[in-house]
Amino acid sequence: MTTEVSDHVLIVDDDREIRDLLSTYLVKQGLRATAVPSGRHMRAALEESGPFDLIILDLMMPGEDGLALCRDLRAGKYKATP
């Protein structure tokens, strides 16, 4: 018996409706999805559930925006992707 592991996507968006729509769509496509509302929650998800195969970042979030989070990810501040 083989266990197939699907790709895991992290969605970071402050809009609950967008998070829910994206999560529902990705799960229906056979992927695992984790959705969080902020950069603080993103960091917690990376520590608890990471690494992720793909991260979808909202660019225009209040406080810490997606561009700042992306810079931190690219700089290697977090173990984000395999």
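Me: In which helix does Leu67 lie?

Reply: This is a predicted model. In it, Leu67 is part of helix H3, which covers residues 66-74.

Me: Is Leu67 buried or exposed, or something in between?

Reply: Relative accessibility decides that, and the middle class runs between 20% and 50%. Leu67 has 46% relative accessibility, so it counts as partly exposed.

Me: Which residues form a nonpolar patch on the surface with Leu67?

Reply: Leu59 and Met60 join Leu67 in that patch, and together the three have about 350 Å² of accessible area. Met60 sits in the loop between S3 and H3. With 74% relative accessibility, Met60 is classed as exposed.

Me: What separation do the C-alpha atoms of Met60 and Asp14 have?

Reply: Their C-alpha atoms are separated by 8.7 Å, although the two residues stand 46 residues apart along the chain. Asp14 also belongs to a patch, this one negative.

Me: Which residues form the negative surface patch?

Reply: Asp14, Asp15, Glu17 and Asp20 form it. Glu17 is placed in helix H1, residues 16-28. Its relative accessible area is 56%, which makes Glu17 exposed.

Me: How should I read the sides of a helix?

Reply: Start with the repeat: an α-helix has 3.6 residues a turn, so residues three or four places apart point the same way. Then list the buried residues and see how they are arranged around the axis. For helix H2, residues 39-49, the buried residues are Gly39, Met42, Ala45 and Leu46. Viewed down the axis of H2, these fall within an arc of 110°, so they line one face of the helix.

Me: Which exposed residues are on the face of H2 turned away from its buried side?

Reply: That face carries Arg40, Glu47 and Glu48.

Me: What are the buried residues of H3?

Reply: Gly66, Leu69, Asp72 and Leu73 are the buried residues of H3. They cover an arc of only 120° around the axis, and are therefore on the same side of H3. Turned away from that buried side is a face with the exposed residues Arg71 and Arg74.

Me: How many salt bridges are there?

Reply: The general idea is that side chains of opposite charge can pair when their charged atoms come close. The cut-off applied here is a side-chain nitrogen of Lys or Arg within 4 Å of a carboxyl oxygen of Asp or Glu. By this rule, the count is two salt bridges.

Me: Which parts does the salt bridge of Arg43 and Glu64 tie together?

Reply: The side chains of Arg43 and Glu64 meet at 3.0 Å, N to O. Arg43 is in helix H2, while Glu64 is in the loop between strand S3 (54-57) and H3, so the pair ties together parts that are 21 residues apart in sequence. Arg43 is partly exposed, at 23% relative accessibility. Glu64 is also partly exposed, with 29% relative accessibility.

Me: At what distance do the side chains of Asp72 and Lys77 meet in a salt bridge?

Reply: The N to O distance for Asp72 and Lys77 is 3.3 Å. Asp72 has a relative accessible area of 15% and is buried, whereas Lys77 has 56% and is exposed. Asp72 is thus a charged partner in a salt bridge and one of the buried residues of H3.

Me: Where is Gly30 found?

Reply: Gly30 is in the loop between H1 and strand S2 (32-36). Its relative accessibility is 43%, so Gly30 counts as partly exposed. The C-alpha atoms of Gly30 and Ile18 are separated by 19 Å, with their positions 12 residues apart along the chain given as the sequence separation.

Key. Residues numbered from 1 in each chain as written. Predicted model: local features only at pLDDT ≥ 70, side-chain atom pairs only at ≥ 80, totals over all residues. Heavy atoms only, no water. Patch = residues over 30% accessible without salt bridge, like charges linked within 9 Å, V, L, I, M, F, W, Y side chains within 5 Å. Areas by Shrake-Rupley, 256 points an atom, 1.4 Å probe, with all protein chains shown as cover. Helix = DSSP H or I, 4+ residues; strand = E, 2+ residues; numbered from the N terminus. Buried < 20%, exposed > 50% of the residue type's maximum accessible area, 1.4 Å probe, protein only. Lys, Arg positive; Asp, Glu negative; His and termini not counted. Charge placed at Lys NZ, Arg CZ, Asp CG, Glu CD. Arc of directions from axis to C-beta.
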